[in-house]
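I opened the notebook to look into one enclosed space and one residue that lines it. The entries below follow the order of my look-ups.

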Amino acid sequence: DGSYRQNRPNLTTLLVQPISAALAKNLISLPEETVQKDRCIRLQMQPTEKTIISLNIQSVPTYKTISNVIGYLKGTVFPDRYIIVGSHHNSLNNYGGQAWASSTAIITAFIQALMLKVKRGWRPDRTIVFCSWGGTSFGNIGSYEWAEDLKRVLQRNVVAYVSLHNPVRGNSTLHPVASPSLQQLAAESQSFNCVEKTNCPRSNVSSVQIQGDSDYFINHLGVPATQFSYEDIRTSENSNFLSEALFPVHTRKTEELDPSFSLHETIAKLTGQVTLQIANAPVLPFNALDIALEVQNSLKGDEVDIPQLLAVASRLRDTAELFQSDEMRPANDPKERAPIRVRMLNDVLQSLEKSFLVHRAPPGLYRNILYRLDERTSQFSVLREALEHCKLHQSNETIQAALSEVLNSINSAQVYFKAGLDVFETTLAGKK
């Protein structure tokens with residue numbers, strides 16, 4: 001209420017009806033011998049055939065209320081720093097099958113476990129905010145609107161986002177995802193909590209685009225995020241950024257996927273371990289050097305052999321290495337945990353990934369360039385997309401714009417780390 005919504009009478013009244021990739025494949029198909037793997041090819045009707053497609057649309061435009069459920073456990077040492085644990089509940093339709101049930105069950109179990117500790121007098125150092133989002137299947141409406149309303153507060157105060165979006169969508173393998181600064185913490189939590197029967201040893205933590213309500217926090221606020229989920233191997237091989245184009249043929253019930261609820265229990269333990277570690281660690285368990293290494297890995301390959309990019313990435317690594325070794329000492333030595341020093345260090349760590357938000361990204365790609373499109377790509381997605389566009393249209397304009405965005409992001413991060421080091425040196429000199 002009270003928000004201005006632009007009136008656009010010049011917009012077309014033509015209805016738009018999205019269809020799934022599976023339906024499109026049935027309507028417009030190519031002979032098997034012409035299909036080439038790992039390469040996008042243009043679909044077209046066979047010239048000798050006529051196809052009549054009839055869509056019967058019975059949609060009725062209407063307004064509905066979407067509700068979020070928000071609760072919090074206030075911290076005692078840093079109450080103005082928030083860790084958000086996000087799940088979602090059933091919306092106005094039944095799309096997604098059991099996804100919301102698994103999400104809701106795990107966050108409920110986690111809250112119940114924490115409340116037992118609270119009754120014994122325990123409190124976290126940082127505030128934990130529990131969010132059950134509405135309108136997820138309509139484009140993450142609940143989380144997006146809530147975060148837009150509180151954008152200024154969240155930019156300043158949110159430390160991390162822990163996602164519980166569709167945590168058990170298969171039972172083959174554990175698929176941990178984390179932004180670069182949280183990969184080490186996710187890997188440590190995974191090795192600590194996993195048992196052999198739940199199929200999670202040796203799972204690699206990666207930074208790939210994920211579905212769900214973490215989108216706004218990753219792409220607009222630059223908040224470090226992590227998510228643990230069980231998937232089937234065949235589905236995890238696909239790009240999963242465009243959920244509305246990948247309607248499942250058959251959604252398996254929770255009782256079929258995880259009859260003993262052991263997978264749910266493992267996800268609850270992993271989520272709880274990561275959340276409590278971030279909430280209680282005196283110095284945030286974020287790794288600056290891992291960000292620099294991820295940047296260098298994303299620039300490997302013959303196609304992006306740009307000396308200027310490689311040079312600034314090397315400077316970023318050098319600065320991150322110095323920052324990690326020199327300024328992270330308070331995490332290991334309690335004698336150096338002066339409150340003002342710890343607070344300044346945490347403020348720097350909290351904003352490590354904000355430098356990597358680009359103004360615009362191609363459709364389907366994250367604005368946060370630290371996240372790759374899928375497991376099979378190692379380059380920056382924006383650079384890869386620009387290179388494909390350059391080959392297709394024989395124009396260098398797109399690649400130059402993308403290179404500029406990436407260069408500015410890396411340079412900004414390097415300057416940010418250096419400025420953090422300078423502030424600490426000045427503070428310590430003044431203290432002496």
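**Arg126 and the second largest cavity**

I began with Arg126, which is found in strand β3 (residues 126-133); strands (E, at least two residues) and helices (H or I, at least four) are DSSP runs numbered from the N terminus. This is a predicted model, in which local features need pLDDT of at least 70 and side-chain atom pairs count only at pLDDT 80 or more, while totals for chains, interfaces and linings use all residues. Residues are numbered from 1 along each chain as its sequence is written, and side-chain values use heavy atoms, with hydrogens and water left out.

I looked up accessibility next: Arg126 counts as buried because its relative accessibility is 1% (buried means under 20% relative accessible area, with a 1.4 Å probe and protein chains only). I then noted that the side chain of Arg126 reaches the backbone oxygen of Ile278 at 2.8 Å and that of Pro282 at 3.3 Å.

I turned to the second largest cavity (a set of points on a 1 Å grid over the protein atoms alone where a 1.4 Å probe fits but cannot get out, lining residues having an atom within 4 Å of a point). Its lining includes Arg126, Phe78, Leu284 and Asp347, and α13 gives the most to this lining, with four residues. I also recorded that domain 1 (69-280) and domain 2 (288-430) both give residues to the lining, so the second largest cavity lies between them; the domain bounds come from an automatic or database domain assignment.

Methods
On a 1 Å grid over the protein atoms alone, a cavity is a set of points where a 1.4 Å probe fits but cannot get out, and a pocket is an open set with protein on both sides within 12 Å along at least five of seven lines; lining residues have an atom within 4 Å of a point. Buried means under 20% relative accessible area, exposed over 50%, partly exposed in between (1.4 Å probe, protein chains only). A polar contact is a pair of N or O atoms within 3.5 Å; within protein, one must be able to donate a hydrogen and the other to accept it, and residues adjacent in sequence count only if both atoms are side-chain atoms.
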